[in-house]
Amino acid sequence: MLSMFDSTQDFLLTSLQLMSALFIFVIGLAALWGVYAFIVDSTQKSQAIRRNYPVIGRFRYLFERLGEFFRQYFFAMDREELPFNRAQRNWVYRAAKDVDNTVAFGSTRNLTVPGQVIFVNCPFPTLGEDAVPSQPITIGPFARQPYTIAGLFHISGMSYGAISKPALEALASGAAKAGCWLNTGEGGLTRYHLERGTDLVFQIGTAKYGVRDAAGNLSDERLQTVAAHPQVRMFEIKLSQGAKPGKGGILPAVKVTPEIAEIRGIPVGVDSISPNRHPDVGNTAELLDLIERVRRVTGKPVGFKVVLGAYGWLDELLGMVHARGVASAPDFITVDSADGGTGAAPMPLMDDMGLPLRVSLPMLVDKLNEYGLRERIRVIASGKLITPADVAWALCIGADFITSARGFMFALGCIQALQCNKNTCPTGITTHQRKFQRGLHVPTKAVRVAAYVQNLSKEVGIIAHACGVRSPRELRRFHAHLVQADGRTIGLDQFYPESERQIVAALSWPRDQIEVVHASEHRSRPSPLEPLREPSLEPPIAAMKSAPSLRAPAE
């Protein structure tokens, strides 16, 4: 017994000595590091803080890095953060997990903030048995293979390369389950897009990845190869995107793996930077020529994505469509917001360039109405629309479809770590490092992507029924109000009054002849934050004075 006690005592003493020695060793290392850091800091010339305050000045940069974490989890209120606050993210997380998404004890949203959107309920809401699902809409009536789909909410462009393989696989599987489309982004078509049988929108970026020849020019042969896949339902020509209007896509070198380089046709480990515009599209006429070329070669609907900026350009575009004939029109326009996106971009473009969607979407819809082309050209709204209220607002304004990228990133588990461009995404969504990707379980995340679409669509329906309509696409501008600086609210229909118009042939457009009769009543459109002014009548534009007939050439 005494021997066991002695051995235990010896073990404890030895352990204590080792721990003491280890402690002294660590302290010694810290002291050596402190001396080294002091010498380095006091002699370096690039950072004034470290030079003036050796060693302790380093903590300033440490706390700066940690500040993002502490603000997100401890200090910021639920509705304070940007680009998406905690309340928005939590709604998406709960919707994707298909758990209870109700709240208790009243709203935490400040309903008096100028510019806030509030929906106006009907005294006699739509009964559940009277509600109807969203009706199918056809895109591209002049294409050989038009695309018809009912869904409201779809996945916006995220290239393979910008997002990881498991993220793309989960999005493709989830989209197939939910019945929505998946935009490929400008990085080309991969087997991961095709394997799940998902409806796809192939995006043609300024570098023509996936559909270019050896010289980087658009290839009709490659277009036909891509279009031969039945899953590819439409083609979208990207003119600009919210993160960087006026600048091409950027894929950092660390993300250009051998596989991605092969898909895109670019060197491995070199920054993939697209031109800031299509080299072959320098004016509106050339844009319409490109749209017609892609539609003729592929036989499928073709539109373009744009961040609106120059007001007069829409008049030029739509006026030229009138001159050429309605068949020459883009089949859809995706209008992106200047609020930034998932991609890396220079701060001046991310923060200060382009019109936000709250301005550009009403402007686009009004112009299409003004030219009598609203039913010919479908409108897709994109940009920070991730909750039911966001989607319902876009439908009130006049969008046919809504797409989102970052909303689906949240459905995959994104925590808004703001590391999309660094290949260090902790959730495995925007990184090609396997150690991070292993946390993204594809079957689980695919279910969450589908649940997000389904629950969002369901709650948009709840808003629509509370407003007294049977289906979300029946929402109109008078169903929503904007809060004014004095706390009062005024209907969206008064801020953005729609032109009176008559569209002959309604939703079924004959291929051999289409006549559009238009009588325009132009009204002033005040800023949502300005007091309402009495609308003033302006003469209709010169091109529309005679209400010309538009005849589409026979195929």
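This passage walks through a small sheet, a pair of packed helices and the enclosed cavities of a predicted model.

A convenient place to begin is the open sheet of three strands, whose order is β1-β14-β15 and whose pairing is antiparallel. Strands β1 (117-119) and β15 (489-491) form the edges, and each has a single partner strand, so one side of each is left without a neighbour in the sheet. On average, neighbouring strands of this sheet are turned by 35° against each other, direction ignored. Three bridges join strand β14 (residues 480-483) to β15 in the antiparallel sense. In one of these pairings, V483 has T489 of β15 as its bridge partner. A helix also takes part in this region: α13 packs on the sheet and touches both β1 and β14. The direction of α13 makes about 85° with that of β1.

Helix α13 leads on to a second packing arrangement. Here helix α12 (residues 357-370) packs with helix α13 (residues 388-397) at an angle of about 30°, and their axes lie 9 Å apart. Because angles under 35 degrees count as roughly parallel, α12 is described as roughly parallel to α13. On the α12 side, the contact is made by L357, R358, L361, P362 and V365. These residues meet D390, W393, A394 and I397 on the α13 side. By class, the residues of this contact comprise seven nonpolar and two charged, with no polar ones.

Attention can now turn to the enclosed spaces. The model holds three cavities of 30 Å³ or more. For the second largest cavity, the volume is about 60 Å³. This cavity is lined by 13 residues, and those closest to its centre are W181, N183, E236, T334 and T403. Three elements, β6 (200-204), β7 (232-238) and β11 (332-336), are the ones that give two or more residues to the lining of the second largest cavity. Sorted by class, that lining contains five nonpolar, six polar and two charged residues.

Technical notes
Residues are numbered from 1 along each chain as its sequence is written. This is a predicted model: local features need pLDDT of at least 70, side-chain atom pairs count only at pLDDT 80 or more; totals for chains, interfaces and linings use all residues. Side-chain values use heavy atoms; hydrogens and water are left out. On a 1 Å grid over the protein atoms alone, a cavity is a set of points where a 1.4 Å probe fits but cannot get out, and a pocket is an open set with protein on both sides within 12 Å along at least five of seven lines; lining residues have an atom within 4 Å of a point. Grid points are joined across faces, edges and corners, and a volume is the space filled by probe spheres set on the points. Helices (H or I, at least four residues) and strands (E, at least two) are DSSP runs, numbered from the N terminus. Ala, Val, Leu, Ile, Met, Phe, Trp, Tyr, Cys and Pro count as nonpolar, Asp, Glu, Lys and Arg as charged, and the others, Gly among them, as polar. Axes are lines fitted to C-alpha atoms, for helices over the stretch in contact, and angles run from 0 to 180 degrees between N-to-C directions. Angles under 35 degrees count as roughly parallel, over 145 as roughly antiparallel, 65 to 115 as roughly perpendicular and the rest as oblique. Contact means heavy atoms within 4.5 Å. Two strands pair if DSSP finds at least two bridges between them.
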